Structure formats: C-alpha cells, structure tokens
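Q: I should like to learn how pockets and aromatic contacts are read from a model. Where should one begin?

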Amino acid sequence: MKTGILALQGSFQEHLESLKLIERDFILIRTVDDLEEVGSIILPGGESTSMIKIQENNDLFNHLKIKILTGIPTLGTCAGLILLAKNSILGKSTLNILDCDIERNGYGRQNQSFEGKVQFNNFNDNYCFIRAPKITSVGSGVKVIAKMEDEIVGVQSNNIVGLTFHPELNNEQNYLNWLDNFVMKGLNVGAL
Amino acid sequence: MKIESTFKVKKGFAEMLKGGVIMDVVNAEQAKIAEKSGAVAVMALERIPADIRAEGGVSRMSSVEVIQEVMNTVSIPVMAKARIGHFVEAQILEELGIDFIDESEVLTPADEVNHISKHEIKTPFVNGATDIGEACRRIGEGAAMIRTKGEAGTGNVIEAVRHMRSMTKGINEVLSADENELMALAKNYGAPVTVLNSIRESGRLPVVNFAAGGIATPADAALMMQLGCDGVFVGSGIFKSGDPLERAEAIVIATTNYDNPAKLVEVSKNLGEPMVGINIDDLHESEKLAKRGW
C-alpha cells in the first residue's frame, strides 16, 4: 500500500520529499480514484479555504473521510490539521473527524510567523509556524503529542495526528523516524 | 523561544502557496469573489494592470484604506505591491501587516538602479524576473519568492512563457556546468555565486517560482504549470472577463489539475468572454513593463 498525499495545493512536494527519504511509495491524491491503493494519508500545509473549494469539484473529501475512518494512519500539518478538526470554514464543514477546537491564524498574520522550539514525541527541534492555527481545546480521548513550552501544538486521536507546525520543512532524522513508525508501519496507531 | 520572520519562515510561507492561484483585486467585493473561488491569496491594488496600461500616469502603492478593507474582509493571505526601490512603501506595507510584498514592475519604478534590500523587512517579498540572473539578484537581496514578469495587463501569455523557458534554460546550464565554470557563469548572469550554489544543491531555484503576466484562461494557467511554475498569479484576466467568479474557479481547478486534459476540457466550458488581449508587438518599447527592473 502507498502513502497518499493530498495534492490539491500547498506543501505536498515537501511531504513527498519526506517519503522519498524514508524510501516509501507514495501517490498524489487529486481525485477519488487516487484513494484506491492508499494505506496511509498525509494532509499538507497550505490554504485550507482553497483546498476545501478545490475538492468540491469532485466531492473528494467525503471519500477521503470514509477512507480515514477505516483507521489508516493519517497525518495533517497546519492546514491539514484544520481540515481534520471539528471545524467550519466559510460556512462549509471540513473533514470533521478530530475532536479539538482550532483557531485559524492563531498567532496573527505572516509577520507573526516564527520558528519555535517544539517538544515532539521524545525529541525536540525548531519548527516553522506559518500563519499557524492554535489548538484551543482538546476532546476526551485526544492525546497531546507535541508542545511548545506550555502550548499544545500537536494531538493524536487513534489513527489521526494533527500538528500546527511544519515538520516537512525540516525533514530531520527524528521526524523521519517518527513518520516511518507512524504513517508507514502503523506503529502507535490507536495504541498510545 | 520564538524567532519571528526568519528567511526559512518567509520562504516556507511561499511554499504553502504552491499549486495555488493569487488574484489581483481592487476592493473588498472582488476579494470576496476571489476567496470564494479558491484563491490562495489576493493582491490588493488600486487599479489592475490593464487599467494602469490604459490610463497611464504614475502608478503607486495602493491606498491604505483599500488594503485594510481587503485585509479585514478575507481570511486568506493578502499581498500588496510596492514600487521598485521604494523601501518606504515597503516599510508602510510591513507596518500595515500585509502578508507578502510584491516589489512590482507594474507600478512606476522609484529607483532606476536599485531594488529594495529585503532582508531587513519582516514581511516576505516576491519579485518578478525575466531570466535566471535577475531571479538570483532578487534572491540575493532577500526575495522569498520569484515570479515571471510576463507582460502584465495584456492577456497575452507569450512573455511569461519566454521568461519561464529562459529561467529553466539557465537552471539547466547551472546544473550541467563544471565546478570550474561556476564563477564565470555568475559573472555572465550578474548573479551572486552563492545563489548559483544553492541551485546546484537543490536542483532548482532556492525559492518558489510562480507564473505571472498575461494569464487569462485555464489553459494559460495549465501551460505555465506544465512549464514548471509552482503556481499562478492572475491580474487583469479575471475581473476584466465576462464572468469573474466562473473564470476564477476554472483557473483554480486548472492550476491543480494542470496535467489532466479531461479536467481542463470540463473547466474550459461556459466561461463567457475572456479579457480582450493585446499583441506584444503592438506595444511601444516604453510601454513594456517587463523592461522595468535591473
């Protein structure tokens, strides 16, 4: 099975580089047919409003949601997290499958974008937060897996992980090891 | 510990716009249409390039009111243009909290020798380029994103194609060069050798490269994507057409599905009238905006 990267718009090329570095097969998801041979999913950073609009054209998100609900490992970074969260944008619902509240552009506009030190799983590194969302509350059964000082910047609920920052812009070894275990081998899926 | 506005953050923001369409808008109403159509960002300006071309006169940074109105209306990123070399317009845009500054040849240049030094300004910059030398000079000054200049306001894609082909040719030349040839190449291009080194490391320009200038149809957008651009700016092409929302949506879908002809057929139907185009040969040399920039 391949890892599918949502490729409507955004940093899908960077996620593709991550997968190349850990030598995994991938497919870019643009249509419903692309979901067929997918065994794990990455939702990239980008503009969530644009992605929602572009997928309407072929009803992709309804099929994507069904796929994620089968329990396959799913990672969303930044806009990807916004799409996963229980949320609505311009009055339209997102995938609505990760029980946390999100404030879009929680730190402000681009001038307030920054690099910050994040404790992620059992390692830390400086990651980019770009017009990043804030996780303002998490539901029961949702585990915090990344923090910047006291702030929650990453969560996991069973097979679904959402991060407010961009590990795909670093692609350092700690993250790649984590990615290999989570998205590829299905380790930690629902077990944490 | 947070470090704001590092080059990595500026460049990373441009990466997030990839595969998307950035649309010129002159008021909040147009900005709403652009957002609704799926634009990844809007460019707030006082007059779109086709009107600047028609009306003439000195063209400057947009009014603060227009920019703020657009910023308050949409949740997607908002860009605005500063004149080439006009670092005070850039300071004003930075203070306004705009998300990206386009140091643009579409406006009347303020300096006929120098561009803005972009490192010191928190807001990331996009600059136009006609070839690899110009792109590398802008990156050397701190640009976090490059776009083709094309010939804005003409609805004619030929210049954007020329600039993109020239860029690709230059990159291939840098990649295939012997290590010993690199400094001579840098001298020829008028490009910092450090930027050429980054091209050799990554196999591409070190920052995102969008298409701009003359894109008027979904097919134009897909053409530029197939030529290797990372995304598309559409200036006059949308709001000078018969049905702006339809056309904007079609260009957005075409940019994502640039290599899918069936999809391109689907979105090219029922679009209404495109903007009226201008032949580049009919322009006087002094009317060519792509000549501005040094």
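Q: What is the volume of the largest pocket?
A: In this predicted model, the largest pocket has a volume of about 830 Å³.

Q: Which residues lie nearest the centre of the largest pocket?
A: Its lining comprises 30 residues, and those nearest the centre are Gln13(A), Glu14(A), Glu15(B), Lys18(B) and Arg204(B). Helix H1 (12-21) of chain A, helix H1 (7-16) of chain B and helix H12 (244-256) of chain B each contribute at least two lining residues. By class, the lining divides into 10 nonpolar, 10 polar and 10 charged residues.

Q: How many aromatic pairs are there over all chains?
A: Rings pair if their centres lie within 6.5 Å, and the count comes to 12 over all chains. One of them is the tilted pair of Phe120(A) and Trp178(A), at 5.1 Å centre to centre with 50° between the planes. This pair links distant parts of the chain, 58 residues apart: Phe120(A) belongs to strand E8 and Trp178(A) to helix H5 of chain A. Both Phe120(A) and Trp178(A) are buried.

Phe129(A) and Phe165(A) form another tilted pair, at 5.6 Å and 45°.

Q: Why does Phe129(A) count as buried?
A: Buried means under 20% relative accessible area; Phe129(A) qualifies because its relative accessibility is 0%. Phe165(A) is likewise buried, with a relative accessible area of 0%.

Q: Which charged end sits over the ring of Tyr107(A)?
A: That of Lys134(A), 4.8 Å from the ring centre. The charged end of Lys2(B) sits over the ring of Phe114(A), at 4.9 Å from its centre. Tyr107(A) and Phe114(A) belong to one aromatic cluster, which also includes Phe120(A) and Trp178(A).

Notes
Residues are numbered from 1 along each chain as its sequence is written. Chains are lettered from A and ligands numbered from 1 in the order in which they are written. This is a predicted model: local features need pLDDT of at least 70, side-chain atom pairs count only at pLDDT 80 or more; totals for chains, interfaces and linings use all residues. Side-chain values use heavy atoms; hydrogens and water are left out. On a 1 Å grid over the protein atoms alone, a cavity is a set of points where a 1.4 Å probe fits but cannot get out, and a pocket is an open set with protein on both sides within 12 Å along at least five of seven lines; lining residues have an atom within 4 Å of a point. Grid points are joined across faces, edges and corners, and a volume is the space filled by probe spheres set on the points. Helices (H or I, at least four residues) and strands (E, at least two) are DSSP runs, numbered from the N terminus. Ala, Val, Leu, Ile, Met, Phe, Trp, Tyr, Cys and Pro count as nonpolar, Asp, Glu, Lys and Arg as charged, and the others, Gly among them, as polar. Rings of Phe, Tyr and Trp (its six-membered ring) pair if their centres lie within 6.5 Å; planes under 30 degrees apart count as stacked, over 60 as edge-to-face and the rest as tilted. Buried means under 20% relative accessible area, exposed over 50%, partly exposed in between (1.4 Å probe, protein chains only). A charge sits over a ring if NZ of Lys or CZ of Arg is within 6 Å of the ring centre and within 35 degrees of the ring normal.
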